[in-house]
Every structure is written in structure tokens, then in C-alpha cells.
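The following exercises practise the reading of a protein model. Please attempt each task before studying its solution.

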Amino acid sequence: MMSGFTIVIVFAAVVGLSIGCYLFSPKGDNQTVWRFTSILTLVSMYLMWMITYLAQLHPLVAPRKANESYGKSAF
């Protein structure tokens, strides 16, 4: 499940939800505000998820041992 294709799948889901929010927003004076806030919320959550997912998928710092000769020490 850990692949770059997951990002595309979740992006398609966010686009679908955004279209749904746009089409099914309640009618009235605040329709534009409701659309804007719901779509902006979805985009913000997606960006935060994508950044954390990519940080785990491709870490910048690889784990290393502190001391390579730790097991070879003579007591």
C-alpha cells in the first residue's frame, strides 16, 4: 500500500468530494462562503496528509548505527 500511486488515488477522492461540495452546497446568501470553506478544508487536509505520507515514504535522513565497532569491543 505504500506507493506513490496512493497519492493519486486520494487526490481523485478529494477532487470528487470537492465537486460534491460544490454541487450540493446549501442554497442561500452564504453559498459561496460554504463552497469556499469546504473545498479549502479538503485541499488543506490533503496537502497535510500528502506531505506526511511522502516524508514517511522517502525519508531525508536514513537511520544509522551510532558506533559500528560496538559488537567488536574486547572486555
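**Exercise 1.** What span should the 27 residues of α2 have at 1.5 Å a residue, and how far apart are its end C-alpha atoms?

*Solution.* The model is predicted: local features need pLDDT of at least 70, side-chain atom pairs count only at pLDDT 80 or more, and totals for chains, interfaces and linings use all residues. Residues are numbered from 1 along each chain as its sequence is written, and side-chain values use heavy atoms, with hydrogens and water left out.

Step 1. Helices are DSSP runs of H or I with at least four residues, strands are runs of E with at least two, and both are numbered from the N terminus. The protein chain has two helices and zero strands.

Step 2. The expected span of a helix is 1.5 Å times one less than its number of residues. For the 27 residues of α2 the expected span is therefore 39 Å, and the end C-alpha atoms are 39 Å apart, which agrees.

**Exercise 2.** Describe how α1 and α2 are arranged relative to each other.

*Solution.* Step 1. Two packed helices are described by the angle between their axes and the distance between the axes. Axes are lines fitted to C-alpha atoms, for helices over the stretch in contact, and angles run from 0 to 180 degrees between N-to-C directions.

Step 2. The axes of α1 and α2 come within 9 Å and cross at roughly 170 degrees. Therefore α1 is roughly antiparallel to α2 (angles over 145 degrees count as such).

Step 3. Residues that make the contact (heavy atoms within 4.5 Å) include Phe11 and Leu17 of α1, and Trp34 and Trp49 of α2.

**Exercise 3.** Which residues of α2 are buried, and against which helix do they pack?

*Solution.* Step 1. Buried means under 20% relative accessible area, with a 1.4 Å probe and protein chains only. In α2, this holds for Gln31, Ser38, Leu42, Tyr46 and Tyr53.

Step 2. These buried residues pack against α1. On that helix lies Ser18, which counts as buried because its relative accessibility is 12%. Not counting residues up to four places away in sequence, Ser18 touches Ile39 and Leu42.

**Exercise 4.** Identify the six residues of the largest nonpolar core.

*Solution.* Step 1. A nonpolar core is a set of buried Ala, Val, Leu, Ile, Met, Phe, Trp, Tyr and Cys residues joined through side-chain atoms within 4.5 Å. The six are Ile7, Val14, Cys21, Leu42, Tyr46 and Tyr53.

Step 2. The elements giving two or more residues to this core are α1 (5–23) and α2 (31–57). With residues up to four places away in sequence left out, Val14 touches Leu42 and Tyr46.

How values were computed
Buried < 20%, exposed > 50% of the residue type's maximum accessible area, 1.4 Å probe, protein only. Parallel < 35°, antiparallel > 145°, perpendicular 65-115°, else oblique.
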